[in-house]
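Work through the exercises below with the model open. Each task is followed by a solution in steps.

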Amino acid sequence: MVNSPLYLPNYAYGHIIEFQLSDYMKGKNFVGEVERMYSLGRLTPQQWMQEAVGSKISVQPVLKAVDEALLKTQ
């Protein structure tokens, strides 16, 4: 981590991307979606996410999950 200072900020960013992908994949054919996403090729992260899930990289899926969890605890 000392030798790669860009690693730490990107770690949290990767979790946001993973959560958004997982949220998108719910109820979908996993294999078909993964093959479609992998076939998109080499794009910028923002462009890839737009093509993969239909929206830009966003924390909205995380916030939506937090809201749902809070409603369940009430």
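The exercises cover charged side chains and aromatic rings in this predicted model.

**Exercise 1.** Determine how many salt bridges there are and which side chains form them.

Solution. The criterion is a side-chain nitrogen of Lys or Arg within 4 Å of a carboxyl oxygen of Asp or Glu. By this rule there are 2 salt bridges. One joins Lys26 to Asp23, with N to O at 3.8 Å. The other joins Arg36 to Glu33, where the closest N and O atoms are 2.8 Å apart.

**Exercise 2.** Classify the partners in each salt bridge as buried, partly exposed or exposed.

Solution. Buried means under 20% relative accessible area, and exposed means over 50%. Start with the pair of Lys26 and Asp23. Lys26 has 61%, so Lys26 is exposed. Asp23, at 25%, is partly exposed. Now take Arg36 and Glu33. Arg36 has 28% and is therefore partly exposed. Glu33, at 15%, is buried.

**Exercise 3.** Place Glu33 in its surroundings.

Solution. First, locate Glu33 in helix H2, which spans residues 30-38. Next, consider its salt-bridge partner: Arg36 and Glu33 are 3 residues apart in helix H2, so about one helical turn separates them. Finally, set aside neighbours within four places in sequence; Glu33 is then in contact with Tyr24, Met25 and Lys28.

**Exercise 4.** What sits over the ring of Tyr24, and how many aromatic pairs are there?

Solution. The charged end of Lys28 sits over the Tyr24 ring, 4.2 Å from the ring centre. For aromatic pairs, ring centres must lie within 6.5 Å. The count by this rule is 0.

Conventions: Residues are numbered from 1 along each chain as its sequence is written. This is a predicted model: local features need pLDDT of at least 70, side-chain atom pairs count only at pLDDT 80 or more; totals for chains, interfaces and linings use all residues. Side-chain values use heavy atoms; hydrogens and water are left out. Rings of Phe, Tyr and Trp (its six-membered ring) pair if their centres lie within 6.5 Å; planes under 30 degrees apart count as stacked, over 60 as edge-to-face and the rest as tilted. A charge sits over a ring if NZ of Lys or CZ of Arg is within 6 Å of the ring centre and within 35 degrees of the ring normal. Helices (H or I, at least four residues) and strands (E, at least two) are DSSP runs, numbered from the N terminus. Contact means heavy atoms within 4.5 Å. Buried means under 20% relative accessible area, exposed over 50%, partly exposed in between (1.4 Å probe, protein chains only).
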